[in-house]
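Me: I would like a close look at a single part of this structure, taken slowly and with the reasoning shown. Please choose one helix and work outwards from it to its neighbours.

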Amino acid sequence: MPRPTRMLLLGLSLVSASFLGWSLAASLTTQSSALGNQTNDDLQAEELLDRLEAQEELTPNTRRKLLERLLARGRFEDALLVLQPWLAEQPRSLNLALLSADLQRLTGNIDGAVSELKQLLSLHPLDAQVLQLLLLVEQTNGNGEQALNDLQKRFNGQQPGTRLELGLLLADALRLKGQPQVAEQLYGQLANESPADIRPPLALALMKRDEGEVEAVQALLQEARRRQGRAADGENADLIDQLAVRWGLSAARLDPIKPTRPTPRAAADRP
């Protein structure tokens with residue numbers, strides 16, 4: 001069974017947006033925090049932390065860079081110290097509040113993380129990012145089943161066509177729980193409810209890829225291409241090509257309009 005953090009992978013790539021949003025902490029958690037010798041960046045970070053403790057004002061750009069360095073090195077307690085006055089200045093910033101809750105989780109303060117997230121949930125009851133992180137924290141706290149049931153109720157309470165982000169998160173959670181058939185049905189339901197969105201077929205393609213069903217993956221990526229063509233979004237087309245290359249599939253096999261003979265670029269991209 002996948003690790004608990006595996007559930008968030010698809011959500012982070014398809015739902016979250018901001019680089020310095022709360023997802024930054026989660027995305028950098030797997031990086032090494034032990035770097036052997038102290039680098040120039042480490043020394044600069046220490047100097048900036050000393051200035052912060054002395055209540056010297058840091059420019060927004062400097063504060064941002066310091067936070068990035070601390071997160072990259074897994075120094076989550078120090079990152080919280082940098083974040084707290086920033087959040088006090090911008091109490092309505094959802095990204096900063098989510099990052100604060102995630103840092104509470106990463107420093108072991110699960111009760112603090114739950115408290116912050118429930119406050120956010122009262123303000124943003126249908127925000128997929130808030131529910132996503134709350135589900136992860138509640139799993140850590142042993143309350144994952146209750147959080148999943150709450151997510152299901154919130155999803156059921158919304159009109160079809162308006163609940164895609166919640167549905168993707170719910171399907172990921174069901175898959176993690178060991179219910180792949182239920183998750184697959186939900187992905188299909190979401191695809192029907194949002195016929196112009198590429199995310200449901202991409203989500204199902206990821207699931208089928210993990211199950212080793214190559215032909216199903218090809219068909220789903222082709223469906224995503226058709227949807228992308230209707231939306232005329234070149235950026236999403238690049239995403240589909242990148243996924244095909246990463247998964248060892250020829251992009252030409254995914255689009256019947258393209259010639260089957262590999263072009264020089266397609267040949268070079270093939271792993």
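Reply: A good place to begin is the pair of helices α11 and α12, where α11 passes α12 in a left-handed crossing. The contact is made on one side by Pro180, Glu184, Tyr187, Leu190 and Ala191 of α11, and on the other by Pro200, Ala203, Leu204, Met207 and Lys208 of α12. What is described here is a predicted model, and the values that follow should be read with that in mind.

The geometry of this pair can be put in numbers: helix α11, residues 180-193, and α12 pack at an angle of about 155 degrees, with their axes 8 Å apart. Because angles over 145 degrees count as roughly antiparallel, α11 and α12 are described as roughly antiparallel to each other.

Turning to α12 itself, its length can be checked against what a helix of its size should give. At 1.5 Å a residue, the 12 residues of α12 should span 16 Å, and the C-alpha atoms at its ends are 17 Å apart, which agrees. The helix is also mostly covered, with 10 of its 12 residues buried. The buried residues are Arg199, Pro200, Pro201, Leu202, Ala203, Leu204, Ala205, Leu206, Met207 and Lys208. Among them, Pro200, Ala203, Leu204, Met207 and Lys208 are the residues of α12 that take part in the contact with α11.

Lys208 deserves a closer look, since its side chain meets that of Glu213 in a salt bridge, at 3.5 Å from N to O. At 8% relative accessibility Lys208 counts as buried, because the cut-off for that term is under 20%. Glu213, by contrast, is partly exposed, with a relative accessible area of 34%. This pair does not stand alone, for salt bridges that share partners join Glu184, Lys208, Glu211 and Glu213 into one network. Two members of that network, Glu184 of α11 and Lys208 of α12, are also listed in the contact of the two helices.

The end of α12 carries another charged pair, in which the side chains of Arg175 and Asp210 meet in a salt bridge, at 2.5 Å from N to O. This pair links distant parts of the chain, with Arg175 in helix α10, residues 164-176, and Asp210 in helix α12, residues 199-210, the two lying 35 residues apart. Here too the partners are unlike in exposure: Arg175 is buried, with a relative accessible area of 18%, whereas Asp210 counts as partly exposed at 38% relative accessibility. Beyond the helix comes Gly212, whose phi is positive, near 80 degrees.

For comparison, α6 (residues 94-106) can be read in the same way. Its 13 residues should span 18 Å at 1.5 Å a residue, and the end C-alpha atoms are 18 Å apart, which agrees. Of those 13 residues 11 are buried, so that α6 too is mostly covered. Just after α6, Gly108 takes a positive phi of about 90 degrees.

Taken over the whole structure, there are 16 salt bridges. One of them joins Arg63 and Glu89, whose closest N and O atoms are 3.3 Å apart. It too links distant parts of the chain, from Arg63 in helix α4 to Glu89 in helix α5, 26 residues apart. Arg63 is buried, with a relative accessible area of 7%, while Glu89 is partly exposed at 46%.

How values were computed: Residues are numbered from 1 along each chain as its sequence is written. This is a predicted model: local features need pLDDT of at least 70, side-chain atom pairs count only at pLDDT 80 or more; totals for chains, interfaces and linings use all residues. Side-chain values use heavy atoms; hydrogens and water are left out. Helices (H or I, at least four residues) and strands (E, at least two) are DSSP runs, numbered from the N terminus. The expected span of a helix is 1.5 Å times one less than its number of residues. Buried means under 20% relative accessible area, exposed over 50%, partly exposed in between (1.4 Å probe, protein chains only). A salt bridge is a side-chain nitrogen of Lys or Arg within 4 Å of a carboxyl oxygen of Asp or Glu. Axes are lines fitted to C-alpha atoms, for helices over the stretch in contact, and angles run from 0 to 180 degrees between N-to-C directions. Angles under 35 degrees count as roughly parallel, over 145 as roughly antiparallel, 65 to 115 as roughly perpendicular and the rest as oblique. A crossing is left-handed if the near helix is turned anticlockwise from the far one by less than a right angle, and right-handed if clockwise. Contact means heavy atoms within 4.5 Å.
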